[in-house]
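Q: Could you zoom in on one strand for me and walk me through how it sits among its neighbours? After that, I'd like a look at the pockets and cores around the rest of the fold.

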Amino acid sequence: MSTSVALIRGVGGPTALRMPALRSALEDAGLEGVTTLQVAGNVVFEPEGRSASACAELVRRAVQESFGHDLPVIVRSHRQLAAAERRNPFVGTQEGRWVMTVFLNELPRSGAVLDPDSGTPDLFVVDGREVFVRYADSVATSKLQSTWFEKRLGVIGTARNANTVAKLVQLTS
């Protein structure tokens, strides 16, 4: 059986979740093999035959019921995570914390176009349900945040740096 990961967007600050409580809430909701990575909303679990959309909804509902936060959830299987890591053209070109994958909940809307000359030294590539980004100097000060891509592509996304993606690939294998 393939292990999957739920990427919960917006975990932190006023929507911080305690990882032991999150694991318990998800197990109570019916997920098995639940483990978390960091405190940023990375949840590894066994989907037990559920579709990615059913798992995303289960996690979202459990977070809302247990913590009162309605946070978007994007689910990827081990195979999808590993494929995204392999396709990221910026892995190895910059320190891992400056290389991001923005995981999208669906394909960008038809006709959505982004100008690759974003006016910053940062680079990005849209590839299916992922956007790969390489930050030249700082993630925090760049305009190329998940919300920048969301507005232009008409989808929801959540970003993880290359170090985190590599750890998630390892945890889901």
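A: Let's start with β7 in this predicted model. Both of its faces are covered: Glu 130, Phe 132 and Arg 134 are buried on one side, and Val 131 and Val 133 are buried on the other. That makes five of the five residues in β7 (residues 130-134) buried, so the strand is largely enclosed by the rest of the structure.

Now for its partners. β7 pairs with β6 (residues 123-127) in the antiparallel sense, over five bridges. Within that pairing, Val 125 sits opposite Phe 132 of β7. β6 and β7 make up a hairpin with two residues between them, and Gly 128 in the turn has a positive phi of about 65°. β7 is also joined to β5, again by five bridges and running antiparallel. Here Met 100 has Val 133 of β7 as its bridge partner.

β5 is a handy way into the pockets. The largest pocket has a volume of about 340 Å³. It is lined by 21 residues, and the closest to its centre are Gly 10, Ser 146, Thr 158, Ala 159 and Arg 160. β5 (99-104), α4 (146-153) and β8 (157-161) are the elements that each give two or more residues to that lining. The largest share, five residues, comes from β8. Sorted by class, the lining has nine nonpolar, ten polar and two charged residues.

The second largest pocket has a volume of about 220 Å³. Of its 13 lining residues, Ser 53, Ala 56, Val 73, Ile 74 and Asn 105 are the closest to the centre. Two or more lining residues come from each of α2 (52-67) and β4 (73-77), with α2 giving the largest share, five residues. By class, this lining has seven nonpolar, two polar and four charged residues.

α2 turns up again in the largest nonpolar core. Of the 20 residues there, Ile 8, Leu 22, Leu 26, Val 43, Phe 45 and Val 59 touch the most other members. β1 (4-8), α1 (19-28), β3 (42-46), α2 and β4 each give two or more residues to this core, and α2 gives the most, with six. Take Val 59: leaving aside residues up to four places away in sequence, it touches Ala 6, Ile 8, Leu 26, Leu 31 and Val 73. There's also a second, separate core of 16 residues, which includes Leu 37, Ile 74, Phe 103 and Leu 168.

Terms used: Residues are numbered from 1 along each chain as its sequence is written. This is a predicted model: local features need pLDDT of at least 70, side-chain atom pairs count only at pLDDT 80 or more; totals for chains, interfaces and linings use all residues. Side-chain values use heavy atoms; hydrogens and water are left out. On a 1 Å grid over the protein atoms alone, a cavity is a set of points where a 1.4 Å probe fits but cannot get out, and a pocket is an open set with protein on both sides within 12 Å along at least five of seven lines; lining residues have an atom within 4 Å of a point. Grid points are joined across faces, edges and corners, and a volume is the space filled by probe spheres set on the points. Helices (H or I, at least four residues) and strands (E, at least two) are DSSP runs, numbered from the N terminus. Ala, Val, Leu, Ile, Met, Phe, Trp, Tyr, Cys and Pro count as nonpolar, Asp, Glu, Lys and Arg as charged, and the others, Gly among them, as polar. A nonpolar core is a set of buried Ala, Val, Leu, Ile, Met, Phe, Trp, Tyr and Cys residues joined through side-chain atoms within 4.5 Å. Buried means under 20% relative accessible area, exposed over 50%, partly exposed in between (1.4 Å probe, protein chains only). Contact means heavy atoms within 4.5 Å. Two strands pair if DSSP finds at least two bridges between them.
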